[in-house]
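Hi everyone, thanks for coming. I'd like to walk you through a structure that may be new to you, so please have a look at it with me.

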Amino acid sequence: MGEQMDLNRKRVDLVAKFKEANADFAAAEYGMLEATYREGALSKKMKRLMSLAVALRAGCKNCILAQTQYALDCGASREEILETIQVVVAMSGTTGIAEGLRVIEFLDELGKL
């Protein structure tokens with residue numbers, strides 16, 4: 001297994017533990033997230049690509065991995081994810097490239113690059 005895939009698996013496990021330890025809070029928080037990512041004027045896929053861009057700009061490795069996986073789960077193509085990274089680079093410069101490399105590695109580990 002690759003490094004990014006291991007980090008993502010650990011993230012998923014820790015989120016489950018967080019939800020179990022904080023059931024009431026998690027129900028409220030994840031209820032809000034569920035409402036946010038419903039199909040609407042923007043598709044779920046578009047919302048996840050937007051979230052990936054925000055995660056890349058914030059430099060949050062857990063968020064980057066989660067939003068990459070969610071975007072893929074919503075049907076985002078390799079090209080759409082790469083163009084999302086391009087937008088981040090256009091807005092952020094080389095820090096966008098630096099954070100985008102985590103996505104490149106993750107896609108490579110998943111066999112999607």
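**Charges and a pocket**

Let's start with K45, which is partly exposed, with a relative accessible area of 24%. One thing to keep in mind as we go: this is a predicted model.

Now, which side chain does K45 meet in a salt bridge? The partner is E80, at 2.8 Å from N to O. The two come from distant parts of the chain, since K45 sits in helix α3 and E80 in helix α5, which covers residues 78–92, and their positions lie 35 residues apart in the numbering. E80 is partly exposed as well, at a relative accessible area of 27%.

As a general reminder, side chains of opposite charge can pair when their charged atoms come close.

How many salt bridges does the structure hold? There are two. Besides K45 with E80, we have E79 with R78, whose side chains meet at 3.3 Å, again N to O. For E79 the relative accessible area is 44%, which makes this residue partly exposed. R78 also counts as partly exposed, with 35% relative accessibility.

Let's go back to helix α3, because there is another charged residue to see there: R48. Is R48 buried or exposed? R48 is buried, and yet this residue has no salt bridge. The nearest side chain of opposite charge belongs to D73, and that is 8.1 Å away. A salt bridge needs the nitrogen and the carboxyl oxygen within 4 Å, so D73 at 8.1 Å does not qualify. What does R48 touch, then, once we leave aside neighbours within four places in sequence? The contacts are Y37, Q67, Y70, A71 and C74.

Next, the largest pocket. Its volume is about 500 Å³. Of the 20 residues lining this pocket, Y30, L33, A66, Q67 and Y70 are the closest to its centre. You may recognise Q67 and Y70 from the contacts of R48.

Where does the lining come from? Helices α1 (3–21), α2 (23–36), α3 (44–58) and α4 (61–73) each supply at least two residues. By type, the lining divides into 13 nonpolar residues, three polar and four charged.

One last stop, in helix α1, where we find D6. D6 is partly exposed, at 39% relative accessible area. Try locating F106 too: the C-alpha atoms of D6 and F106 are 9.8 Å apart, although 100 residues separate them along the chain.

That's my tour, and I'm happy to take questions.

Notes: Residues are numbered from 1 along each chain as its sequence is written. This is a predicted model: local features need pLDDT of at least 70, side-chain atom pairs count only at pLDDT 80 or more; totals for chains, interfaces and linings use all residues. Side-chain values use heavy atoms; hydrogens and water are left out. On a 1 Å grid over the protein atoms alone, a cavity is a set of points where a 1.4 Å probe fits but cannot get out, and a pocket is an open set with protein on both sides within 12 Å along at least five of seven lines; lining residues have an atom within 4 Å of a point. Grid points are joined across faces, edges and corners, and a volume is the space filled by probe spheres set on the points. Helices (H or I, at least four residues) and strands (E, at least two) are DSSP runs, numbered from the N terminus. Ala, Val, Leu, Ile, Met, Phe, Trp, Tyr, Cys and Pro count as nonpolar, Asp, Glu, Lys and Arg as charged, and the others, Gly among them, as polar. Buried means under 20% relative accessible area, exposed over 50%, partly exposed in between (1.4 Å probe, protein chains only). Lys and Arg count as positive and Asp and Glu as negative; His and the chain ends are not counted. Contact means heavy atoms within 4.5 Å.
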